[in-house]
Amino acid sequence: MNKVLLFNPRSANSKHRVPNSILQVGASIYGKYDFVFVDGNLERDPWAVIEGYLRSGEFRYFGCTVMPGPQLRQAIPYTKRVREQFPAVVNIWGGYFASNQYPVVMQSGYVDFVIYGPGDKAFPALLQALETGTPYEFIPNLIWKTPEGDAIKNSKEDLLDQDALPPLPYDLLDRFYPLQRYLNPTFLGRRTLAYHSSMGCPFKCSFCAVVPIYEARWRGKSAEHIYRDVRHIKTKWGADSIEFHDNNFFVSEKRIRAFSELMLGENMLWWGEGRIDTVDQFSDDTLALMRRAGCRMIFFGAETGNDALLKQMDKGGKQTGEQIQRFAARMKRFDIIPEYSFVLGMPADTPEQVWAQIEEDIDFIKKIKTINPDTEIIIYVYSPVPTEGSELYQRIIQAGFSFPTTLDEWLSPQWESFDLRRNPLTPWLTPAMVSRIRNFETVLNAHFPTVSDLKLNPFQRQVMRTISGLRYRLNFFHFPYELKVLQKFWLRYRQPEWEGM
Ligand code: B12
């Protein structure tokens, strides 16, 4: 039987996390195929390891998970090299970049198949077809190429019952990379586990990369199932806290209640991502229970305080600026820190309107900080994703935006920054606008050092706060060099673009 190599290209430059994508893909073929994990985050020279395996001649499949940004730096050249040096090996990509940007991926000439969306059934089905020489042309969630070179995207499969999926092979991963290496300090604890408990999201926000793949579908593991995995990793490897990496962990109040009840005696802190309008519907009793069960912070896409723009972003039509403010106060009552992310630099008809919106968003963020100073603010510059069919996407295409047309172009520094949501490459934003947003962020972070700035002592916090006070009050953000110098020496601000979340 031919073997499979599952590769997780290097992503963040610091904290390491359980590579859940290849772990779950591995689960889908566990017991059916021999496979190995190679984690680019934990190898000094991942290519040497990959080459070593492939040279044995036992491997026929190179499976690579690919999200946009830094992972491309290994995914693209390594896959190319596999094709050049080991032409008999079949290259299969999956993950968010592969799924959303499949035309350019398939055109590259060195990726043979893309699994878009969940690979739990599609991947073993593809391997079986290739091993037995039977047709793969009808496997749901598969993208393949005709002999003429046209990429064909098959139908989407319904989301599977997540509890019925095979167990995640943590013990096997541990044989390749001791699991403790994946449990790292965060503000939640000393050994934080990254866990993923659901697929998709029930909403259709027009700026979000999850939408083209899941189209408002969501399915989650049961509370009991999550709890069982968490207990296993706690008892076997000593995890003391959890980051839930779901797109939307808090979809179901019932599931969250059940999970919180199970967690009551565990003394573990946890964090997850949710929606303001959904969690605002949770009862006071549930929020209090979550806090007792260890929930310390929730990440929310606040996006903007402007109701018309929220509507254009398709935030489900329910979230409003008024609610975002009220909810920040509500979270304070329950002592759960809201982590609000904002998307600045959305397109508008004229440059004046783009400027006005940026200033309105800055004022709104300051208002939130007055209501609940503990609120953590994450600022993104809008980076389009191909949510075809949405009004927003039409608008940006009309404004002259287009994605790269080759994979190599995605490797250019500008496009990497684009993925990191720092340099948007969007025609309606001028460098002065981007600077205004970034400088505001610098001043804001200095004025409100947050709980996750683990490295700051109280004296340093006070100094940063005082020095940035005047700038903050007067909205004077130009050239904040003094703050940057201090930051360089004292702080390593948690940069979600680099650290993840
Ligand atoms: C964990 C995570 C990270 C980790 C990476 C950990 C690692 N792998 O080493 C970190 C924190 C480093 C990270 C970084 C970034 N991330 Co990230 N990340 C995620 C997150 C939250 C979870 C990914 C995950 O583990 N999912 C769990 C697995 C089980 O699901 P899955 O990946 O979809 O895998 C299934 C299928 O896709 C498929 N599949 C996946 N891979 C493969 C491979 C093969 C061979 C096959 C057959 C199938 C297959 O099968 C799997 C099982 O069904 C996702 C959002 C999400 N909830 O998925 C965002 C997400 C993928 N990230 C995203 C982005 C943009 C980034 C960044 C580039 C920017 C940013 N600000 O976040 C940075 C890059 C920074 C850097 N320095 O690397 C976006 C992608 C958006 C897009 N345009 O496509 C997402 C969707 C978040 C979002 N909603 O915007 N990220």
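**Figure 1. Contact between the two domains.** In this predicted model, 11 residues of domain 1 are in contact with 12 residues of domain 2. Helix H4 (residues 96-100) supplies the largest share of the side of domain 1 that touches domain 2, namely 3 residues. By type, the residues on that side of domain 1 divide into 4 nonpolar, 5 polar and 2 charged. The domain assignment places domain 1 at 3-153 and domain 2 at 183-397. Taken over C-alpha atoms, the centres of domain 1 and domain 2 are separated by 30 Å.

**Figure 2. The open sheet of 7 strands.** The strand order is E2-E1-E3-E4-E5-E6-E7. Pairing in this sheet is mixed. In general, strands of a sheet pair through backbone hydrogen bonds, either parallel or antiparallel. Which strands form the edges? They are strand E2 (35-39) and strand E7 (151-153). Each of these edge strands pairs on one side only. On average, neighbouring strands of the sheet are turned by 20° against each other, direction ignored.

**Figure 3. Pairing of strands E1 and E2.** Strand E1 covers residues 3-8. How do E1 and E2 run, parallel or antiparallel? They run parallel, and 5 bridges join them. One bridge can be picked out by residue: phenylalanine 7 has valine 38 in E2 as its bridge partner.

**Figure 4. Helices H2 and H3 on the sheet.** Helix H2 (residues 46-55) packs on the sheet. It touches E1, E2 and strand E3 (59-65). The direction of H2 makes about 165° with that of E2. Helix H3 (residues 72-85) also packs on the sheet, where it touches E3 and strand E4 (90-94). The direction of H3 makes about 165° with that of E3. Strand E3 is thus touched by H2 and by H3.

**Figure 5. The whole chain, for context.** The chain holds 22 helices and 16 strands. Its C-alpha atoms fill a box of roughly 70 × 55 × 45 Å, taken along the principal axes. What radius of gyration does the chain have? The value is 23 Å, which agrees with a compact globule, because a globule of 501 residues would have a radius of gyration near 23 Å. Buried residues account for 42% of the 501 residues. Of the contacts between residues at least 6 apart in sequence, 75% join residues at least 24 apart.

Technical notes
Residues numbered from 1 in each chain as written. Predicted model: local features only at pLDDT ≥ 70, side-chain atom pairs only at ≥ 80, totals over all residues. Pairing = 2+ DSSP bridges. Helix = DSSP H or I, 4+ residues; strand = E, 2+ residues; numbered from the N terminus. Axes fitted to C-alpha atoms, helices over the stretch in contact; angles between N-to-C directions. Contact = placed C-beta atoms within 7 Å. Domains from an automatic or database assignment. Nonpolar A, V, L, I, M, F, W, Y, C, P; charged D, E, K, R; others polar. Rg over C-alpha atoms; globule rule 2.2 N^0.38 Å. Buried ≥ 20, exposed ≤ 12 C-beta atoms within 10 Å, placed from the backbone.
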